[in-house]
Amino acid sequence: MSELHDECGVFGIYKNDESMDIVEETYLALYTLQHRGQIGAGIAVNKDGSMVHYKDFGMIPEALPEKELMRLGNGKIALGHVKYSSGEAIERENLAPLVMRYIKGQLAICMNGALTNYHVLYELLSQGAAIFQSNGDTEIISYIIARERINAGSIEEAVEKAVSQLCGAYALVLMSPSKLIGVRDPMGIRPLCMGKIGESFVLTSESCVFDSLGGEFIRDVDPGEMIVIDDQGVHSYRSRCGGKSALCMFEFVYFSRPDSVIDGVSVAKARQRAGELLAKQHPVDADIVCGVPDCGIESAIGYSMASGIRYATGLIKNKYIGRAFNDRKKNDEYLMRIKLNALKHSVEGKRVIVIDDSILKGKTSRHIVDLLRKAGAKEVHMRIASPLFKNPCYLTSDTTPKENLIAARMTTDEICRYIGADTLGFLSTDSLREIAKGCRLDFCDACFTGNYPLDVSDTSRKDKYSEKIKTDGEAAMEVKI
């Protein structure tokens with residue numbers, strides 16, 4: 001059970017079916033993407049060029065009550081967003097979609113990912129008298145788009161010029177008065193795909209949305225590609241395509257739903273493959289194999305198939321904990337005890353292999369081992385379906401400092417003693433890429449290897465991007481939204 005939180009899931013729809021309730025489809029899509037964000041959600045609707053929106057904290061039923069959905073009415077285009085806890089302050093202003101007014105009317109935007117040159121852009125925009133209401137990447141992007149739109153002939157031209165100034169990982173979905181736009185970062189670090197529900201076009205984070213809504217997956221958006229959907233159909237802009245790719249490996253390890261297909265690879269199959277490789281690399285005599293819900297289950301099935309050891313449900317997760325419970329001032333141990341429980345009749349007297357997706361700080365793993373022992377497990381052997389997580393990820397909003405990562409300061413044997421397991425084994429770094437064999441993109445595995453696909457150092461980013469942005473003219477910074 002990883003303690004790393006991705007920023008969010010995004011959804012955009014351009015309606016071509018007159019009978020469609022666009023708000024209902026967006027609401028249902030966000031349910032499908034709930035795993036990507038449980039701290040807040042929002043929907044924005046374009047009705048004849050005028051945008052209305054609502055967003056709030058909590059899981060979908062809490063954040064988007066029926067009376068507010070009814071107020072949104074119906075429209076031609078809609079955006080939806082689910083947000084996870086992140087490095088941003090948890091304030092209403094940081095929820096999305098962000099809806100703004102500027103010189104050309106209204107614009108709504110939501111994002112999955114993080115800008116590594118956020119502070120550089122913030123400083124330069126502030127010098128141009130920009131006034132910020134949040135500390136999120138989305139507002140930074142909206143300011144740059146607004147600035148570029150002054151001289152651009154179209155919104156898509158403004159977006160292209162704006163994203164060329166961004167550094168980091170992002171999947172953006174935007175809504176102008178007449179267009180739905182999606183942009184994927186040039187390395188394809190964050191996923192974005194396109195499909196249809198009936199005759200209506202959709203852009204979203206994961207393909208599982210189309211399965212859930214009875215739609216059709218068309219294809220993944222290519223790294224660097226911009227998709228524009230309007231009343232003339234779908235248009236592709238590829239001026240930033242063709243460079244080095246670096247899809248986030250953690251999409252297969254943890255972030256994505258198992259029923260999604262990311263850039264040609266089934267997430268469920270990738271996780272099962274990780275379990276199979278684990279069984280070969282770290283075999284052990286045991287009576288049962290169980291997975292930590294939810295992301296350890298597929299890997300546990302793979303381990304069971306490869307080892308011949310029976311798979312059993314050993315842990316139960318409480319899936320009905322909403323924001324109100326999480327906001328209570330309780331310590332981490334109390335919260336973990338409520339969220340997870342061991343199934344005594346499955347593990348009592350057994351030698352148990354428990355499979356999890358990753359270990360970050362180690363507290364959750366220690367709690368899991370303790371749960372199984374208290375339920376009567378005779379032995380607990382922990383296997384991790386990814387390598388040692390040693391380095392912070394700067395490409396999601398939730399960056400865990402290196403000093404908090406247990407693998408950055410302990411060996412595998414020391415971690416094993418800390419969590420109280422009988423044995424502990426991690427998937428090798430070489431094997432990690434094998435789990436997503438057949439993927440059309442290369443991968444970012446920096447959290448395991450320290451090999452970041454782009455520059456994440458503050459000094460070099462500032463030198464590079466300050467010069468680039470200043471060439472656009474200081475007067476352009478004086479856009480007020």
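**Figure 1. Leu 98 and Ile 109 are bridge partners, with Ile 109 in β6.** The model shown here and in the other views is predicted. Strand β5 covers residues 98–102, and strand β6 covers residues 105–115. The two strands pair in the antiparallel sense, over five bridges. Two residues lie between them, and together the strands form a hairpin. Four of the five residues of β5 are buried, so the rest of the structure largely encloses this strand.

**Figure 2. A cis peptide bond joins Ala 96 to Pro 97.** Omega is near 5° for this bond. Pro 97 sits in the loop between β4 and β5. A second cis bond runs from Pro 293 to Asp 294, also with omega near 5°. Asp 294 belongs to the loop between β17 (288–291) and α10 (297–307). Most peptide bonds are trans.

**Figure 3. Seven strands form an open sheet.** Their order is β3-β2-β4-β1-β10-β9-β11, and the pairing is antiparallel. The edges are β3 (50–57) and β11 (216–220), each of which pairs on one side only. From one strand to the next, the twist averages 15°. Within the sheet, β1 (residues 8–14) and β10 (residues 200–204) run antiparallel and are joined by four bridges. Gly 12 stands opposite Leu 203 in β10. In a regular strand, side chains alternate between the two faces of the sheet.

**Figure 4. Helix α1 lies across four strands.** The helix spans residues 22–32. The strands are β1, β2 (40–47), β4 (77–83) and β9 (193–197). Relative to β4, α1 runs at about 25°.

**Figure 5. Asp 48 is an exposed loop residue with a positive phi.** This aspartate lies in the loop between β2 and β3. Its phi is about 55°, although Asp 48 is not a glycine. Most residues other than glycine have a negative phi. Asp 48 counts as exposed because its relative accessible area is 84%, over the 50% cut-off.

**Figure 6. Asp 263 is a buried loop residue with polar contacts to two arginines.** The loop in question runs between β15 (261–262) and β16 (265–266). Asp 263 has 0% relative accessibility, so this residue counts as buried. Phi is positive here, at about 50°, although the residue is not a glycine. The Asp 263 side chain makes a polar contact with the side chain of Arg 184 at 2.8 Å. That side chain of Asp 263 also makes a polar contact with the side chain of Arg 440, at 3.0 Å. Leaving aside neighbours within four places in sequence, Asp 263 is in contact with Arg 184, Asp 220, Leu 247, Cys 439, Arg 440 and Leu 441.

**Figure 7. Helix α5 is mostly covered.** The helix runs over residues 137–149 and has 13 residues. Of these, 13 of 13 are buried. From first C-alpha to last, α5 reaches 18 Å, close to the 18 Å expected at 1.5 Å a residue.

**Figure 8. The close-ups belong to a chain of 481 residues.** The chain has 18 helices and 24 strands. Buried residues make up 60% of the chain. Among contacts with a separation of 6 or more, 71% come from residues 24 or more positions apart. The accessible surface of the chain is about 19,000 Å², and 47% of that surface belongs to carbon and sulfur atoms.

Methods. Residues are numbered from 1 along each chain as its sequence is written. This is a predicted model: local features need pLDDT of at least 70, side-chain atom pairs count only at pLDDT 80 or more; totals for chains, interfaces and linings use all residues. Side-chain values use heavy atoms; hydrogens and water are left out. Buried means under 20% relative accessible area, exposed over 50%, partly exposed in between (1.4 Å probe, protein chains only). A polar contact is a pair of N or O atoms within 3.5 Å; within protein, one must be able to donate a hydrogen and the other to accept it, and residues adjacent in sequence count only if both atoms are side-chain atoms. Contact means heavy atoms within 4.5 Å. Accessible areas come from the Shrake-Rupley method with a 1.4 Å probe; for residues, only the protein chains shown count as cover. The expected span of a helix is 1.5 Å times one less than its number of residues. Two strands pair if DSSP finds at least two bridges between them. Axes are lines fitted to C-alpha atoms, for helices over the stretch in contact, and angles run from 0 to 180 degrees between N-to-C directions.
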